[in-house]
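Please open the model in a viewer and keep the selection panel at hand. The tour below proceeds from one selection to the next and describes what is found at each stop.

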Amino acid sequence: METVVSGIRSTGKLHLGNYYGALSNFVKMQNDYNCFFFIADLHSLTTHPAPQDLQSTVRNVVIEYLAAGIDPEKSTIYVQSDVPEVAELYLYMNMNAYLGELERSTSFKDKVRSNPDNVNAGLLTYPVLMACDILLHHATKVPVGKDQEQHLEMTRTFGNRFNHLYKVDYFKEAFAFSYAQKLVKVPGLSGQGKMGKSNGEADCIYLSDTPEIIRKKIMRAVSDSGPTEPNQVKPESIQNLFDLMKVASSTDTLSHFDDLYNKCEIRYGDFKKQLAEDMVIATDPVRSRIEEISKDEEYIKKALKFGADKASASAQKTLREVREIIGIKKLF
Ligand code: ADP
Ligand code: TRP
């Protein structure tokens, strides 16, 4: 059976981009593959979270994984830092990652632009740690959103380079995966780019948002004064709202509002109201489970302990083999 690995950084609550790009695929994949889903707390250290916040954000993400339907009996759910072998593999793989290729990564360049005061080496080698998460369990499929495609390409490069350097056929190639025809990119509510935690609260619909908050956020989403000519090309902010409708609403609803737009008869108030209601419905099962699971401390602990043990066994085997390949042997 093929192995699947994916993770989400523990920087806060999960939003609809995380859900449609990653989490909803995790849930479906667990019936068909050997799955490892982790919470990337080590990756979140690049932005220096306060120590007292780290554990609570990890806990939030675990709860949201479980609430979305990841079953700890079917999948291995674990916290990245509970399996420290990944840090050792990261050290080895850093020897085969070149400065030029790391500097050319789009996500690194974006971070340099948005956060020029914190261009640390962890940020530069972020894709190496991500590659190690995947290589650690020999995964071949990685459910992620469109923004992670380049990281997957780098993962293949690092794995192949290791194989070539040590003349082995050890690491497998992993590819981004989605049940949708294309990798998903969920737009944000601010009218520009993808939905992302770093764009602020108003840009995101969180899985834990109440129906009232979802309605408020959608009604306030950026739009314009409406089309003036039939079949006019939609500006980015409007196209984004239609793209959100594509993920949350039925195809009939989408084509109904598309027709109204093309006939210049669309009323954004009605359009947003429909979008908000469909989002409330789409998130409802997860939202109520979040509340339920938050109260069940024993279930959370048991799932994580079980997951950490299973992931550690897989990681320890890989590290024993990697040390052997590299030639690290004890002299005593
Ligand atoms: P954020 O971008 O909010 O910081 P992460 O980078 O932690 O979120 O993303 C975790 C997962 O969610 C990744 O697989 C990523 O591709 C996916 N993801 C995040 N935002 C989106 C989005 N707007 N559309 C599709 N997938 C997304
Ligand atoms: N880089 C991913 C993100 O920001 C999170 C991540 C870390 C990941 N390690 C991974 C995703 C391994 C898939 C596989 O979204």
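How many disulfides does the count come to? The model is a predicted one, and the count of disulfides in it comes to zero. A disulfide is a covalent bond between the sulfur atoms of two cysteines. Two cysteines may be selected at this point. C35 has a relative accessible area of 0% and is therefore buried. C264, with a relative accessible area of 27%, is partly exposed.

**Salt bridges**

Next, display the charged side chains. The structure contains 17 salt bridges, and three of these pairs are visited here, beginning with E2 and K141.

Select E2 and K141. Their closest N and O atoms lie 3.2 Å apart, and the pair forms a salt bridge. E2 belongs to the segment before β1 (3-9), whereas K141 is in strand β4 (residues 141-143); the pair thus links distant parts of the chain, 139 residues apart. Is K141 buried or exposed? K141 is buried, because its relative accessible area of 18% falls under the 20% limit for that class. E2, at 36% relative accessibility, counts as partly exposed.

Move on to R161 and E101. This salt bridge has its closest N and O atoms 2.6 Å apart. Distant parts of the chain are again linked: R161 is found in helix α9 (residues 149-165) and E101 in helix α5 (residues 99-103), with their positions 60 residues apart in the numbering. The relative accessible area of R161 is 25%, so this residue is partly exposed. E101 is buried, with a value of 16%.

Now select D147 and K194, whose side chains meet in a salt bridge at 3.1 Å, N to O. Which parts does the pair tie together? D147 lies in the loop between β4 and α9, and K194 in the loop between β5 (175-177) and α10 (211-219), so the salt bridge ties together parts that are 47 residues apart in sequence. D147 counts as partly exposed at 40% relative accessibility, and K194 counts as partly exposed at 39%.

**A helix crossing**

Switch to a cartoon view and select helix α11 (residues 236-248) together with helix α13 (residues 268-294). The axes of these helices come within 9 Å and cross at roughly 35 degrees. The crossing of α11 and α13 is left-handed.

To inspect the contact, show side chains on both helices. On α11, the residues involved are I238, L241, F242, L244, M245 and A248; on α13, they meet Y268, F271, K272, Q274, L275, D278 and M279. By class, this contact between α11 and α13 comprises ten nonpolar, one polar and two charged residues.

**A residue in helix α14**

For the final stop, select T318 in helix α14 (residues 297-326). Is T318 buried or exposed? At 2% relative accessibility, T318 counts as buried. Which residues does T318 touch, not counting residues up to four places away in sequence? With those set aside, T318 touches L135, L136, H138, Y170 and F171.

To complete the view, add T155 to the selection and draw a distance between C-alpha atoms. T318 and T155 are 163 residues apart along the chain, and their C-alpha atoms are separated by 16 Å.

Note on methods: Residues are numbered from 1 along each chain as its sequence is written. Chains are lettered from A and ligands numbered from 1 in the order in which they are written. This is a predicted model: local features need pLDDT of at least 70, side-chain atom pairs count only at pLDDT 80 or more; totals for chains, interfaces and linings use all residues. Side-chain values use heavy atoms; hydrogens and water are left out. A salt bridge is a side-chain nitrogen of Lys or Arg within 4 Å of a carboxyl oxygen of Asp or Glu. Helices (H or I, at least four residues) and strands (E, at least two) are DSSP runs, numbered from the N terminus. Buried means under 20% relative accessible area, exposed over 50%, partly exposed in between (1.4 Å probe, protein chains only). A disulfide is a pair of cysteine sulfur atoms within 2.5 Å. Axes are lines fitted to C-alpha atoms, for helices over the stretch in contact, and angles run from 0 to 180 degrees between N-to-C directions. A crossing is left-handed if the near helix is turned anticlockwise from the far one by less than a right angle, and right-handed if clockwise. Contact means heavy atoms within 4.5 Å. Ala, Val, Leu, Ile, Met, Phe, Trp, Tyr, Cys and Pro count as nonpolar, Asp, Glu, Lys and Arg as charged, and the others, Gly among them, as polar.
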